[in-house]
Amino acid sequence: MRLRKTTQDDIPQLKALWKAGFGDTDAEIDRFFDAAWPHCLGFCAEEEGQLLAALYALPQTLVLGERQEKAAYLYAVTTAPAFRGKGICRALMAYAEKELRKKWFACALLVPGEPSLFGFYETLGYRAQYAHEIAAPQTPSKHGTAHPIELRAYAGLRETLLYAAPHVRYDAHWLSYAGTKFYALQLEGRTGCAAVRQSPNGACVCELLPDMAMLPALAAVPGQTPALVRAAGGATAFAMLKWLDTPRPELEPVYLAFAFE
């Protein structure tokens, strides 16, 4: 088995592997390779020309105040169904981490695709990072105001609100890839923001800042009955983090909002 970086020539096999692993539509898969793949690092396991597993490292920035660290969000980690349980993913993760260290990434982040995978990633040295996440919350009465804002205005507002908390800062192309609408919120003299994505099950509030108390302001937006709300803080195991060099406990827990579900 050969472990290596992906190339443009791998895209047809990478798309087929993604579809077998996640069952996403062709349009969803094409969107990743058109919009996100050019900005990330890809790694794969190959045997006799066949791709067995793949993952993608999306460059991010971990921020606390004026401090910044280079981070990689490991995304769409998958092994072909016929080759699972053979240690291929474990080997690929180790290879990707080694290559990221060469590029001076301080840490790797990921979001397990299902709760059972937290234990697997713990064996690889990843630690749970927490968020405040509520599925199908009770819709509050409308209170406060919400109005749409542009992507760059949202990026600036979220950095102001998260200044004193360790968090992942997203470049413009990652916020664009998230596929959300952005809102500025006002509630009883407090300022907040929210990123909302429509799904078949209702609105996914991928991020609500500075905390869940701002939800009544978001209720002012017509048709935004949330199926899920995620905010900073809380005790829901959401992301996981592994330091690739010297641990920095002062930068934990790290808040990561957009898992690009």
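Reader: Why is Leu-58 called buried rather than exposed?

Author: In this predicted model, Leu-58 has a relative accessible area of 0%, and because buried means under 20%, Leu-58 counts as buried. The residue is found in strand β3.

Reader: Which residues does Leu-58 touch, not counting those up to four places away in sequence?

Author: Leu-58 touches Cys-40, Ala-71, Ala-72, Tyr-73, Tyr-75, Trp-174 and Phe-260, where contact means heavy atoms within 4.5 Å.

Reader: What makes a set of residues a nonpolar core, and how many residues has the largest nonpolar core?

Author: Such a core is made of buried residues of certain kinds, joined through side-chain atoms within 4.5 Å, and the largest has 56 residues, with Phe-32, Tyr-56, Tyr-75 and Phe-260 among those with the most contacts inside it. Leaving aside neighbours within four places in sequence, Phe-32 is in contact with Trp-18, Trp-37, Cys-40, Tyr-56, Tyr-75 and Tyr-177.

Reader: What makes the space found in the structure a cavity, and how many of 30 Å³ or more are there?

Author: A cavity is a place where a 1.4 Å probe fits but cannot get out, and a search of the whole structure finds one of 30 Å³ or more. Its lining consists of Leu-14, Leu-17, Trp-18, Phe-22, Ala-54, Tyr-56, Ala-76 and Thr-78, and the largest share, four residues, comes from α1.

Reader: How do the residues of that lining divide into nonpolar, polar and charged?

Author: Seven are nonpolar, one is polar and none is charged; Leu, Trp, Phe, Ala and Tyr count as nonpolar, so Thr-78 is the polar one.

Terms used. Residues numbered from 1 in each chain as written. Predicted model: local features only at pLDDT ≥ 70, side-chain atom pairs only at ≥ 80, totals over all residues. Heavy atoms only, no water. 1 Å grid on protein atoms, 1.4 Å probe; cavity = no way out; pocket = protein on both sides within 12 Å on 5 of 7 lines; lining within 4 Å. Points joined across faces, edges and corners; volume = space filled by probe spheres on them. Helix = DSSP H or I, 4+ residues; strand = E, 2+ residues; numbered from the N terminus. Buried < 20%, exposed > 50% of the residue type's maximum accessible area, 1.4 Å probe, protein only.
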